[in-house]
Each structure stands twice: as structure tokens, then as C-alpha cells.
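Grab a pencil and work through these exercises with the model open beside you. Each task comes with a solution that goes step by step.

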Amino acid sequence: MMCSTRGFNRIFSSTLVAMGFSLLLIGAGKAPPTAETAKTTKAPGKSSAISFVSKKIDNGLEVVLMPSSKVPLVTIVLVAKAGAMTETREINGLTHLWEHMFFKGNARLPDQEAFNRRIRELGITYNGDTSAETVRYYFTMPAVHLDDGLQFMADAISTPLLEQTELEKERHVVLDEYDRNASHPSFDMRNLSRRIIYGDLDYRRDPLGQRPLIEKATREQLLRIRDEVFVPQNCALFVSGDFDVEKIMPMVAKHFSAWKAPKDWTPVKRPEFQPFPPTIEFVMTRPLVRDATIDITFDGPKARQSPEDTFAADFLINLLEHRSGKFYKKFDDSGLTFETDMSYHTQSEAGEISVVAKTKPENIAKVREALLAEINEWAKPDYFTKTQFDDVRRRLIIGHKFELNQLSSFIKSLGFWWSVTGLDYYAGYLNDMQKVDLKQVQGFVKKYLIGKPYVMTTLLSPEDAKAINLEDNSKPLVEKYLSDYKKVSQASLK
Amino acid sequence: MKVMKVTKYALPFFILTSGLAVTTWAASLHAAPKSIVSDESIAKQKALTKSHKLSNGIQVTTRSIPGSDILALAISFEGGQRDIPTGRKSLNRWAFGAMPMAAAGYPRAKVHELTEKYSLAMTCGGGIEYSNCSISTVSEYWSIALPLLTAIVTKPEFAEADINLVKDRMKAQLRNTTQEPEQYVNEVVNRIYYPAGHPYRLNHDESLAELEKLSRTDLVDFHKNTLNASRMRIVVVSSMPEKKLLADLEKAFGKIKSSKAEPIPALDAAFSIDQSYAFEDRDIPTAYIRAKFDAPSVTSKDAVASRLMFEILSEELGDEIRTKRSLSYSVYSFGLQYSKGIGAIGASTSKPEETLSAMNDVIKKMKTHSFSEDDINQHKNGFSTAYYLTQETHASLAEALLGSLNYYGNTDYLYELPRALDKVNAAEIKRLANQILVNMRVGVIFPRSKFKDEWAKNLISQNLAK
């Protein structure tokens with residue numbers, strides 16, 4: 001991509017997505033309820049400030065608007081605070097199945113064929129996605145179809161049919177999606193690592209879920225999910241593009257106000273995760289793996305509990321990516337690794353910091369040792385320079401300009417932030433990032449990384465492992481932690 | 001972990017993969033109740049676009065985005081892997097990958113320092129028919145960005161340490177080709193679609209072997225031949241004053257010499273029923289299937305209509321295979337338009353027999369069914385959205401303009417594509433389906449014990465050209 005920038009792009013891309021929903025029929029011809037709250041928030045950051053308008057309609061649905069007349073398009077995003085984190089073990093993966101059922105018909109469009117016809121009529125480019133903490137649906141279409149597009153989204157989220165016959169059909173589609181994931185050589189390694197870190201609640205970080213549960217999912221389970229999380233109080237509607245803010249709110253109210261939550265609705269309770277486990281390292285071999293991947297994962301900050309630490313994490317990532325910096329020079333620029341990054345996935349209820357390196361199998365031992373040693377250097381006063389801090393601050397501002405240059409994509413990211421951190425966090429993000437200093441970065445490294453437990457995984461091929469005398473020691477761990485996934489793996493191969 | 005519902009739109013037909021091939025465009029909604037691509041809109045875009053020439057003949061196109069402080073500059077070089085002899089084709093990718101590493105006056109450390117300090121996004125890439133270098137920045141840093149890009153383009157250093165680092169990264173990428181089934185199935189089918197010696201053929205094993213033999217001297221010679229004013233075009237999308245922009249570009253690129261060089265003509269892949277099917281045994285739970293076939297080139301009179309044909313085919317495959325029969329999460333078709341056109345259909349599925357049979361049913365429908373004009377108009381609507389999405393960012397607009405310039409010599413083709421699409425009718429879609437959806441080469445990845453060759457061969461034999 002020609003205009004790729006790091007900073008904001010990286011942070012946004014590390015996240016995932018959403019959903020939406022509702023019930024009851026649309027009240028045709030009713031006068032629109034009035035907006036009960038309205039505020040305009042300006043994010044700081046020199047000329048890269050963004051403006052969005054946030055309002056609520058009377059059923060509790062938050063509406064976030066970002067008008068721009070740059071091109072005659074609108075993007076409509078429906079976001080729900082839902083995903084693996086709002087599931088129980090018994091329904092793991094079914095929020096994702098629900099997300100698929102969104103496209104399978106509603107009170108106005110009886111089945112997916114009718115749904116697809118309407119998509120074509122309105123010239124919509126669309127998709128949806130589910131992650132651990134967010135479900136999103138997004139449509140981009142010509143601005144002249146805004147009213148129709150809002151109605152289309154409202155119908156889909158508020159009156160889904162969730163019919164058994166359609167469920168039977170879509171189940172196979174989702175199973176194929178599952179199998180595509182299972183076809184990747186890193187599938188077992190990711191499942192095992194997750195289980196070790198999150199223990200019995202690992203399913204709450206696994207939106208893909210378990211294959212046997214998808215095979216047996218019922219309509220009643222989907223209806224329960226609908227009533228628990230796809231309600232207006234748990235969702236938000238985002239609209240960007242070429243529209244008039246004053247004219248759009250009556251449209252939103254007209255189409256979405258009949259969408260109601262069940263009486264006495266309350267948010268899903270979410271159990272706490274276990275403490276991060278003691279340090280563990282394992283090697284897994286899988287056929288078809290080519291170069292080796294080393295992944296060291298630490299416990300990281302949770303966005304709603306320690307927002308200031310998330311800023312330090314994001315800033316540290318940018319410093320490590322700086323190509324004049326010691327870290328980049330030592331690993332990527334020297335050729336020791338093909339790619340080495342630190343990543344932090346901003347989440348509400350979890351936080352993982354990972355340092356991942358891809359290298360030739362013969363370099364595994366050297367890279368492992370170097371990575372662990374290097375992390376201890378990050379808190380030293382001369383590891384990062386003032387110039388690098390200044391460069392990162394400038395990069396964040398410029399990167400944000402480029403984000404805003406693609407509003408149809410940016411609005412989806414905004415939906416993510418609403419779901420995971422809240423918009424107030426996001427509104428202050430650029431400003432807060434500008435304030436991060438060496439002391440804060442050092443404090444973060446000491447608090448989360450130096451001397452802290454980690455889970456280290458090394459993935460390579462059996463042939464390479466044999467050639468460098470490295471043993472696959474994951475089998476006992478798979479037996480201990482992954483008996484259910486093992487069954488899944490066998491089932492998927494039938 | 002990312003779990004994304006990928007609809008058939010995940011592999012849209014308008015993705016024209018590598019380099020600067022013509023990208024997204026959209027249809028007019030002239031005949032539809034609500035029109036968004038009006039004559040006024042097209043006229044406005046044309047008015048904001050100007051064509052110029054540097055003193056050495058390099059064509060420069062400027063597109064003004066008033067009020068924007070972002071700037072995107074893209075340079076195309078006519079020539080790609082197609083133009084390089086077999087056994088050396090990786091040279092193109094290696095050279096363009098190594099160019100941004102360092103240049104005269106800009107050692108690697110200096111390049112890093114500047115790109116970090118000014119947040120410059122600078123890339124070069126070797127394509128199939130055209131290669132490119134580009135930079136995106138804010139206008140404030142133009143005076144830093146342009147000299148750096150100029151040096152990278154005109155005087156790359158190709159230091160041994162730099163080019164070996166790029167080579168190692170390329171080799172890692174090539175080795176990993178086999179790891180991702182979706183990526184690898186493309187190579188499986190390419191083995192038979194592009195036979196040995198074909199100008200478009202790229203194979204990861206062959207590329208790895210080529211890289212071992214190529215040296216710095218090869219890079220220097222390649223660059224010398226590539227830097228040719230008669231084969232370069234520049235597009236700048238910005239709000240910069242035109243006079244200053246052109247003066248700066250003249251100073252930067254106006255002295256590049258010009259010489260004639262004839263491109264290698266594009267070839268359709270000769271079809272042989274004996275080499276139309278390739279299978280790769282792999283213990284995975286879902287089969288990956290991809291079929292490839294010849295399609296109209298980007299400059300063909302059928303180019304626009306065939307885009308719509310592929311869009312309709314993709315919709316029909318999705319409706320039949322995913323929506324009605326629930327056989328696949330990802331089923332798609334797309335067209336690639338270069339001087340040679342390529343079509344593809346594919347799917348992942350745990351029921352390959354049924355899926356291949358359903359693909360055949362859809363192809364049969366495309367060839368025999370008479371779509372109504374209303375159906376056709378509905379399929380055109382999505383192009384309107386794509387048309388403006390192309391114009392949303394400076395970089396994507398610069399890339400699309402270069403695609404239009406490279407293949408048509410003007411930007412009108414891009415801007416007026418909605419009008420060309422207006423004219424496509426149902427009879428043309430049917431004619432093109434019969435013309436294009438033939439002589440398929442099919443690649444499959446799945447466990448050997450679970451797949452019968454005849455399933456794929458049926459699709460091939462039932463769609464031979466008459």
C-alpha cells in the first residue's frame with residue numbers, strides 16, 4: 001500500500017471487530033424520537049484533530065457521526081460489545097455464527113437471496129467481523145442511498161429471523177471457515193498458548209470457538225445471544241461520509257428506535273481471568289512450516305483498568321520499530337531475523353504483549369537468547385534517544401492524517417475504540433501519546449516485562465527441528481491442556 | 001486473533017494485484033433512480049487533472065486535491081518480470097526491493113533517519129508488466145521527500161550488504177509461499193497455466209534458484225536499462241502549486257536519458273488438456289481449489305464488459321455455492337487485466353466434489369441464461385461505490401491514474417469508465433461468458449485419499465472451447 005504509515009495504522013490494525021443486532025419490527029411512519037444527548041468531541045493533535053458528533057436515541061443506541069464531503073459515499077458501521085468475552089464455554093464460537101446469521105434474512109428481507117439483491121440495488125460494499133471483544137458490521141455505499149442503507153442496517157440488526165433452516169445452511173459455511181483456520185500450521189500452537197495463559201476461561205479469548213459446538217448450535221442459543229448482547233444499549237451506530245448531521249438523526253431515529261432490549265436487560269457478567277501463569281517454554285513442530293517463529297508473550301495492561309500503561313505500550317512499539325534504533329538494527333537490519341516486532345493488542349479485559357521473531361531455524365537459539373537479553377536493555381537510559389521520541393511523536397500525528405484520509409476505513413476503527421476503550425479514551429489518545437516520555441516507557445518495561453513470567457513458543461518443521469537437535473516438547477502440554485481441541489482436530493479431519 | 005467473515009467480496013474482481021495494473025472503477029447509475037456518477041462529477045475530476053511533459057519527455061500528470069496537505073507521488077517504469085528472460089525473472093523484484101535501501105548521498109542509515117524523522121512512506125515494487133516507486137508524505141516535507149526519492153530512483157547504491165539483506169528477506173517470503181494454502185493453490189495452478197518458459201511464469205522454487213545465481217552486476221545493469229525516460233510516467237496527487245511542482249520534478253527527473261525499447265508481447269497460455277490439472281497432497285481439513293483461464297486484456301474492447309461479467313459470476317458463485325448450498329466459506333471469481341487477461345474462480349470446501357459440480361452449474365448458467373437488463377443494472381451499482389473508494393485516498397487515486405496512463409496513455413479512461421459500463425448489456429455478458437469461461441486449468445490442495453481427479457477433470461472437460 002502506497003500510503004502505509006506506522007503508528008496509528010499499526011495500532012488500529014492490531015484490533016478487531018464487531019457486530020450488531022436487535023428485535024421487534026420497525027414502527028413505520030412514526031415520528032422520530034428526539035436525541036437525548038449530543039456532544040462534539042475534538043481530538044487534539046495540531047491539525048490532525050478529528051471531529052465526531054456523539055448522540056443517543058431514546059432506546060439507548062449511541063450514534064457517532066463523522067461527516068465529510070470528500071467523496072459522495074457513506075459508511076455505516078454497527079458495533080456491539082460482544083464476542084468471545086460474552087460467551088460461556090457451552091456457546092463458544094456462536095457469537096461468530098450469529099454474526100453470519102445477520103446476513104440470512106429479517107422481517108423485511110425474508111432470506112439471504114433477498115438480502116443480496118438489496119445489497120446490489122444499493123451498491124453496497126459490506127462485511128462483518130467478530131473478535132474477542134467486538135462484533136462489527138459495515139456497509140459502504142453511495143451517499144444518495146443513506147436513508148435506505150440505514151433502514152437496511154436497522155432491519156438486519158433489529159429483526160433477524162434466525163430460522164432453523166438458514167442456521168443449518170450457514171453452520172456449514174462457518175465450519176469451512178473454521179477448517180480454513182485449522183489448515184494453518186500455527187493453529188494448534190495458538191490454541192495451546194491461549195489455554196496456558198487463560199486456563200479454563202481461554203474460550204473467552206477465542207472467537208472462532210470449538211468445532212463441535214458449532215456443529216451442534218441451536219436456534220435457541222442464538223436467540224439467547226441476541227437478547228444478551230445485540231441490544232441497543234450494548235451497541236453503537238457509526239456513520240461517516242457525505243451527509244448532513246442535522247438530517248441524519250431523524251433518519252436514524254425513524255429506523256432504529258423500535259429496536260428494544262428485553263425488559264430488565266443487564267450487561268453480561270464477565271468472570272475474571274486467572275493470574276498470568278509461571279514462565280513456560282515449548283517447541284512445537286508442524287509439517288509445512290518453513291522459517292521458524294519465536295513468540296514470547298507477557299501479561300499486559302487492560303485498557304479500562306490501566307489506560308496510561310496502554311499509551312506506554314503503544315509508544316514503546318513505535319520506538320522499537322524506529323529503523324535508526326538499536327532494536328531494529330540488532331535484529332532486522334543485521335539480517336539475524338527476517339522480521340521482529342513487539343505487539344500489544346489493546347483490549348478491555350485482557351492484555352497481551354508479544355515479541356515475535358521470524359528467523360532461519362539455525363538461528364533459533366541465538367535469537368531466543370538475544371531477545372530475552374534485549375528486553376532487559378529497554379529500561380536503560382541510553383537505549384532510546386530523544387530524537388527517536390520526537391520522531392515517534394511526529395509520526396503519530398502524520399499517521400493520523402493518513403488515517404483520516406481514508407474515512408471509510410477509519411470509522412470502523414473508531415467503532416473498535418468505542419467498544420474496547422470508550423470514545424473518551426480515543427478522543428484523548430493522540431494527546432496522551434504526545435506526553436509519553438522516557439520515564440513512562442521505562443516504568444512500563446519494568447512493570448510488565450523485566451523479570452516477569454512469559455509464555456514462549458517456537459514453531460518450526462520436524463525436519464528443521466531434527467537438523468538442529470531441537471525436540472518437540474509440546475505433546476505433554478497438548479495432552480494436559482488441549483484434549484478438547486485434540487478432539488476438534490480429529491473431528492475436522494473426518 | 002482475527003476472525004473475519006470473508007464474503008465473496010473478500011477477493012473482488014477489481015483487485016488487479018501487483019504493481020500498477022488498472023484498479024477499481026465504477027459504473028454510472030445513469031439508468032438507476034438515484035445517480036451518483038454524474039456528468040458534472042466526471043467533468044470536475046477531469047478539470048482537476050492536468051497533463052504535462054518534462055524536457056526529456058517524461059509524462060507528468062497532476063491531480064489537484066484542494067485543501068489537502070497530503071501528497072502522493074507515484075512513478076511507473078514500463079517493464080516487469082514479463083520482459084526478463086526465463087531464469088532471471090526474480091531480478092525485477094530484487095532490484096526494486098533493493099532500490100529504497102540506499103542511494104548516492106543517502107546511505108542506509110541516512111534513509112532510515114529521514115524516513116523516520118519525516119514519517120515518509122517510500123516503496124518500490126517490481127511488477128509483471130510495470131514496476132513502480134512511490135512516496136507519500138505531507139506537503140510540508142516535500143523538499144525532503146523529493147530529493148530522497150530522486151536519489152533512490154536515479155542513483156541507487158546497491159551495496160552488497162543491502163542487496164543481500166533484501167535477497168534473504170525475499171527468499172524467506174518465497175519459502176513461506178507453501179505455508180498458506182490460499183496462496184499456495186495459486187502457485188499450484190500456475191504451474192500448469194504458465195508452462196516452463198512462459199513470460200509470466202513465476203514459481204517459488206525457480207525464483208529461489210534464480211536468486212542464488214544473480215549478482216550485484218545484474219542489478220546495476222538492470223537499473224541502467226530500466227532508467228529510461230521514454231518508459232517512465234509520474235503522477236502527483238496533492239494541493240501543491242502546479243508551477244512549483246513541475247519545476248521541482250524537472251530538476252529531479254528531467255535529465256534522465258531516453259531510448260527506445262520494445263516490450264515483449266503478451267501471450268495467452270497455450271491450452272493442453274494433458275496439462276490442465278494439478279493436485280497437491282496435503283493433510284488439511286478443507287480443500288483449496290482454483291481454476292484459471294484466459295480473459296480479455298486491459299486494452300481489449302471487451303475489457304469493461306468482462307469486468308462486469310466477472311462481478312456477476314462472483315455473485316452467482318456466492319449465491320449458489322455459499323448461500324444456497326452452503327458448500328464454502330470462501331468462493332470467488334476475479335479477473336486480472338494486464339496486456340494479457342487472466343480469469344480465476346476458486347473456493348475452499350470440505351465437499352470438493354459437490355463444489356466443483358456446483359461451479360460447473362453456475363458456469364453453465366452464465367453461458368445459457370439470459371439476464372434481464374434490470375439484473376445487469378443492479379450488478380453495475382457496486383461499481384459506483386468502488387469508483388469513489390478509489391478516489392478516497394491520494395495514493396489509491398495516484399495508482400489508478402497511473403494504471404489508466406500506462407495502458408491507455410490518458411486519464412480519461414479512468415474517469416469515463418462509468419460511461420463505458422453504462423453501455424454493457426445482457427447479451428454481451430452472455431457472449432463473454434461463452435468466450436471466457438473455457439479451457440480451464442485447475443489446481444487443488446487436499447488429502448490425496450479424499451479427492452478424485454475426475455471431479456476436477458469434469459469441470460475442465462465440460463468447458464472446453466468449441
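Helices (H or I, at least four residues) and strands (E, at least two) are DSSP runs, numbered from the N terminus. What you're looking at is a predicted model, where local features need pLDDT of at least 70, side-chain atom pairs count only at pLDDT 80 or more, and totals for chains, interfaces and linings use all residues. Residues are numbered from 1 along each chain as its sequence is written, while chains are lettered from A and ligands numbered from 1 in the order in which they are written.

**Exercise 1. Get to know chain A.**
Find how many helices and strands chain A has, and what share of its residues is buried.

Solution. Start with the elements: chain A holds 20 helices and 12 strands. Next comes burial: a residue is buried if 20 or more other C-beta atoms lie within 10 Å of its own, exposed if 12 or fewer, and partly exposed in between, with C-beta atoms placed from the backbone. By that rule, 55% of the 494 residues of chain A are buried.

**Exercise 2. Rebuild a sheet in chain A.**
Work out the strand order of the five-stranded open sheet, and say which strands stand at the edges.

Solution. Two strands pair if DSSP finds at least two bridges between them. Strands of a sheet pair through backbone hydrogen bonds, either parallel or antiparallel.

Step one: S9 (residues 292-299) and S11 (residues 352-359) of chain A pair antiparallel over eight bridges. Thr293(A) has Lys358(A) in S11(A) as its bridge partner.

Step two: S10 (residues 339-344) of chain A is joined to S11(A) by six bridges, again in the antiparallel sense. Look for Met342(A) opposite Val355(A), and for Thr340(A) with its bridge partner Ala357(A).

Step three: put the strands in a row, and the order in chain A reads S8-S12-S9-S11-S10, with mixed pairing. S8 (280-285) and S10 of chain A each have a single partner strand, so they stand at the edges with one side left without a neighbour in the sheet. From one strand to the next, the twist averages 15 degrees.

Step four: add helix H6 (residues 187-198) of chain A, which packs on the sheet and touches S8, S9 and S12 (454-460) of chain A. The direction of H6 makes about 170 degrees with that of S12(A); axes are lines fitted to C-alpha atoms, for helices over the stretch in contact, and angles run from 0 to 180 degrees between N-to-C directions.

**Exercise 3. Follow one strand in chain B.**
Is S9(B) mostly covered or uncovered, and which strands does S9(B) pair with?

Solution. Burial first: nine of the nine residues of S9(B) are buried, so to speak a mostly covered strand. Then the partners: nine bridges link S9(B) to S11 (residues 341-349) of chain B, running antiparallel, and Ala291(B) has Ile345(B) as its bridge partner there. Five bridges, also antiparallel, link S9(B) to S12(B), where Gly443(B) stands opposite Arg290(B).

**Exercise 4. Split chain B into domains.**
Find the two domains of chain B and see what brings them together.

Solution. An automatic or database domain assignment supplies the bounds: domain 1 is 8-34 + 266-461 and domain 2 is 39-253. Their C-alpha centres lie 27 Å apart. Two residues are in contact if their C-beta atoms, placed from the backbone, lie within 7 Å. The contact takes 34 residues from domain 1 and 40 residues from domain 2 of chain B. On the domain 1 side, helix H13 (394-408) of chain B is one of the contributing elements, and H13(B) gives the most, with nine residues.

**Exercise 5. Cross two helices.**
At what angle do H2 and H8 of chain B cross, and which residues meet?

Solution. The axes of H2 (residues 90-98) and H8 (residues 216-226) of chain B come within 10 Å and cross at roughly 85 degrees. That makes H2(B) roughly perpendicular to H8(B), as angles under 35 degrees count as roughly parallel, over 145 as roughly antiparallel, 65 to 115 as roughly perpendicular and the rest as oblique. Leu91(B), Trp94(B), Ala95(B) and Ala98(B) in H2(B) meet Asp218(B), Leu219(B), Phe222(B) and His223(B) in H8(B).

**Exercise 6. Place one tyrosine.**
Where is Tyr194(B) found, and which residues is Tyr194(B) in contact with?

Solution. Tyr194(B) is in the loop between helix H6 (181-193) and helix H7 (204-213) of chain B. Because Tyr194(B) has 19 C-beta neighbours inside 10 Å, this residue counts as partly exposed. Leaving aside neighbours within four places in sequence, Tyr194(B) is in contact with Tyr200(B), Arg201(B) and Ala269(B).
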